[in-house]
Amino acid sequence: MGGQVVLFFSLLSLGSVLGQVSYSIPEEMPKGSLVGNMARDFGLDVKRLKSGKARIFTRESDGYIELNNERGVLLIKDSIDREALCGQTTPCALHFQIILENPMEFYSVTIEITDVNDNPPSFEKNDVKFKISESAVSGAKFILDRAVDSDVGSNGLKTYKLEPADHFVIRLHDQADGTKNVEMVLEKPLDREKNEHLSLVLTAVDGGEPQMTGTMQILITVLDANDNAPVFTQPIFKASIKENSPVGTVVVTVTATDSDQGSNGRITYSISSILDHARGIFEVNDDSGEIRLKGHVDYEKARTFQINIRASDDGGLVDSCKVMIDVIDINDNTPDIHIMSKTNVISEAAKVGTVVTMINIQDADSNENGKVHCSINNDIPFVMKSSNNDFYSLITDGGLDRETASEYNITVTCSDEGGPSLSSSVTLTLQISDVNDNTPVFESSSYEAYIVENNTPGLSIFTVRARDADWNQNARVSYILEDSTVNGVPVSSYVSVSADSGVIHAVRSYDYEQIKDFHFLVKAQDGGSPPLSSNVTVKMLIQDQNDNPPQVLYPVQTGGSLVAEMVPRSADVGYLVTKVVAVDVDSGQNAWLSYKLQKATDRPLFEVGLQNGEIRTIRQVTDKDAVKQRLTVIVEDNGQPSRSATVIVNVAVADSFPEVLSEFTDFTQDKEYNDNLTFYLVLALAVVSFLFITCLVVIISVKIYRWRQSRILYHSNLPVIPYYPPRYSDTLGTGTLQHVYNYEVCRTTDSRKSDCKFGRAGSQNVLIMDPSSTGTMQRIQSEKSILDEPDSPLEQKPPNNDWRFTQGQRPGPSGATGGPEVAMGTGPWPQPPTEAEQLQALMAAANEVSEATATLGPGTMGLSTRYSPQFTLQHVPDYRQNVYIPGSTATLTSNPQQQQATAQQAAQQALPPAQMTAQMTAQMTAQMTSQPEPPKAAQTPASKKKSTKKEKK
C-alpha cells in the first residue's frame, strides 16, 4: 500500500526538469507489490518512459525497487527489512533517481519504509545471575539487562513483566536518548534461611499488534550483607575516535568506586546494553574498565555510538553509566563518478548546447573532504557544467561532423578538497550518429542492358547499383522504377525493379519485331528522413531470335482458287517459269532465306535458285511430260534452329490456254459453287432480317392502336339507350308458337361495332314492329331516368300482363305443369326454331345492352362480355330472369351458373377501371371462343329504316 505522495519540481539550468516524489510503504512487502504510480505522479506519459529508456539510479548496492516502464509504476524488487536497512534510524527511507533520455531528464524519488511488528523483544542473555545480600533493604535496586526490539515506534519495546513478584518489582526509568533502564526493586526483604536461591522470569512486551514478547531468566543467590554498591565517577563518559582506527585502540576508560572492602568492594565492569549497529565493535576490560576498539569504525556508516557500562561488586550491587563515542571523518573516499545515461550516441546535427549526458558525482566524505571539482580533456567540442548539487551536464560546445570525427573519447576527472586530495576519472566513448546529407550515386551515369526476345516473364535482366556515403539507414538504398510510357504503355508493364537489390526483371515476353529498344529511369532513394534520391537512364536493347518462319508473298496461296504458271512445250533449258518471293520478319542471319525444291510430280524438269527462288527448266520439255506439274518449294531461313515454309507452285505445260483449262476445270467449278453459295446465304439472311423487323413494327403499331382505342372507349361519357320490344304478334295465326322476337339495341357512335344483331328464326317469317306504338318510347324514357340515377334503388318488377298467359292459353295439355327441364327453360319447342335458339337470341340482345351500357360512369358495371350469360346491371332490371315465352309452358329463369356469374359481376364493380376493363376483356374473349355467334335476323324494310336513322344519329 502506498502512503501519502508529495511532489516537488524544480527547473534545471539546462532545461531538464527535476522532480521529487515521496512514497511511504511498510516493510516486508512481497516482491512485485505496487509502490506508486510514478508516471501519474510526475505527469509523464508511459510512451515517454519507453522512448526515454527510463530506469532507476541508486547509490545503494542492493536494488529494492524496480521500475515497470510498461505501466509507469514502481514495484518491490526484493523484500525490504527496515531493521536491516536502517536499524533504529527513523525515518527510514530509500533515495534514488529516475533517469530519462532524449532529452535527458531525472526525477528524485524518496520511499519511506514504515515499521511493522515483525521482531519480538530479545535479551542479549538468556539468563542473568545476581547475588543479593540478605541485608538488602526494601527499595534496593538491581539493574537488569534491557531487552532489545529491532522495531521502532509503537512496535518497539513497551513494558516489562516480572514473575513471580513476591520480593521484587520492575521499574522503568526513561533516559535522555529515549531508552528505558530496567530496574528490579526489592520490595520485601530477602531471607537466606527461607530461600537461598530465587528464579525469576523477566518478560519484555512490545506495543505491536499482535504483541510479541521476549523472556530472560533471573537467577538470584542470596548472600550475606553487602551494604555499599559501586558508584561511577561520572554518569556520562564522552570520547572520540577516528574512522579506520586499528583494532585494539583504547577509546576511553570508565571508573567506579565501592566503599566496601574485600570481595564486596571488588568491582567488575561489563557492557549492560548496546545498540545493534554497535554490537561487536567495542569491548570493555572487566577489571580496568578500558573500552577498546574491537571492529571497524566507518564514519559513513555510523557517526556516533552509545554504550551502557555496568559496574558490579561481588556482593551483587551494581551501578551503570553511559559512554558516548563520536567518530571523526578522514578523507578516505574518492569521488564516485556515475554516467547516468547509457546512450553514447549523438547526432552530428545536434545544436550547440545540446545535453549529451548527465553525470552524478558523490563523495561519501563530509565537509571539505566531500567537496568535488570536475573537468574534461581539452580539444573536444564539449564542456561540463554543474546543473545541481552532485549533478553535472555534459553539453556540446561546437558543431559536430561525423565525417571528420565519428567518435570522441571524453575523460571526466573529479577531485575533492581533502588533504591529501583524492581524485577519480571515467572515460565516455561518444559515437556521432549520421544525418542524411548525401544522395545515392550510381556506379555509372547510364546503363545499357540486353535481352533476347521471347524471354520468360520474370527473368532477371540487369542490375543497377548505387552507393550512399551516409551510414546505416541513411545509406540504405531502395530502387524505384520511375513512371513513364513505352509506345503509350506504362513502362511498369515491361520491366520491374527490385527495391532492395536493384535487379531489373522482365515483366513480359518481348518481341523484337514489335519493339527493338526502349528507355526508362530508375530512381535510387536512401532511407533517410527526408529521403534523398538520384536517377539513372537505362536503355533496354531487345535481341532478335529466330522465332518467325518465312512468309511466302508469291505465289499467293488461296483456298478456293488455282494459280498456275504456263510453260510452253518449246521452252528452252533455263526458261524462267516463275519466282518464289518470301520474306522473314526476323533480322540478321535469321532473315537469310534459301529455296529448295522438295517434290516434283515427274522426273526432274525444274529447279529452284538457292538464293533468289527462281524456278527454271533444267531440260527440254517432252511429250511425255504431264500438262499439270505440281512443285513444292521449301523456303528456309538461316536461324538456329532454322524455320521453314512451303509453297505449292502449279505449272501447266501447254502451248494453248484450252489445254490448261481442261486440266483445271474442276477447280473453277468448285470456286463458282462456293461463290454462289455465299451469295445466296447473304441474301437469305438479309430477307429474313427485313421480314422480322417489318413484323415487329406492325405488331407494335397494332398494339398501340388497340391501346388508344381502349383508352378512348374507357373515357367516353355518351349514354346508352336500350330499345325493348313493345309487343309480339302471331304472323301465321296458327297459335303454335311460330313467333319470332326481334330486339333492337340502340348503340352509341363510339361503340366497338356499329352493327346490330338479331335472332334469326327457323322460318322466313319476320315480326314487324308497329312504328306507331308508343309503349317502347315510354319504356326508354323510364329506363333513362333510372340510368341517370346510379344510386337509386331499383327492384325488378313482375312482367306485364301481355307477357303472361293463363294456364288454358299456354300450349300443351290444359293445366299441365312443366317438369324441371321446362322450368329451367330447357324444354322442347313445338316447332323450329327451338326454345334454345330463341333464348340464345334473347340473351344475345341482353348482352348487347350490357356491352352498350359498359361505357357509363362509375354507377354502372363497365364493359361486359359480349354474348356472355354473366350480364348484370346494377340499376337496370335483368330481363333474362323470369322470362315467359308465349305459346310455351316453360318459364325461363336464370340457371345457377348465371346467378354465380351475376355475383362475380357485382364484385368486379369494386375494381379500378383499368383492372376491370382487362378482366372484362378476358371474359369476352373466352365467351367468343366458346359460344357460336347467333345468326343475324334478316333485315326488313322497317329495320333498315331504323338502322339508317341510327347511323345518322
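This note covers one three-stranded sheet and two residues, Thr203 and Ser492, in a predicted model.

1. Basis. In this predicted model, local features need pLDDT of at least 70 and side-chain atom pairs count only at pLDDT 80 or more, while totals for chains, interfaces and linings use all residues. Residues are numbered from 1 along each chain as its sequence is written, and side-chain values use heavy atoms, with hydrogens and water left out.

2. The sheet. Three strands (DSSP E runs of at least two residues, numbered from the N terminus) form an open sheet in the order S3-S6-S5, with antiparallel pairing. Strands S3 (34-36) and S5 (65-68) are at the edges with a single partner strand each, so one side of each has no neighbour in the sheet. On average, neighbouring strands of this sheet are turned by 40° against each other, direction ignored; the axes are lines fitted to C-alpha atoms.

3. The S3-S6 pair. Strand S6 (residues 73-76) pairs with S3 in the antiparallel sense over two bridges, where pairing requires at least two DSSP bridges. Leu34 is opposite Leu75 in S6.

4. Thr203. This residue belongs to strand S14 (residues 197-206). Thr203 has a relative accessible area of 13% and is therefore buried (under 20%; exposed is over 50%, partly exposed in between; 1.4 Å probe, protein chains only). Beyond four places in sequence, its contacts (heavy atoms within 4.5 Å) are Thr159, Tyr160, Lys161, Thr213, Gly214 and Thr215.

5. Ser492. The loop between strands S39 (489-490) and S40 (495-497) holds Ser492, which is partly exposed at 48% relative accessibility. Outside four places in sequence, Ser492 contacts Leu481 and Val507. Its C-alpha atom is separated by 9.5 Å from that of Ala506, 14 residues apart along the chain.

Notes:
Helices (H or I, at least four residues) and strands (E, at least two) are DSSP runs, numbered from the N terminus. Axes are lines fitted to C-alpha atoms, for helices over the stretch in contact, and angles run from 0 to 180 degrees between N-to-C directions.
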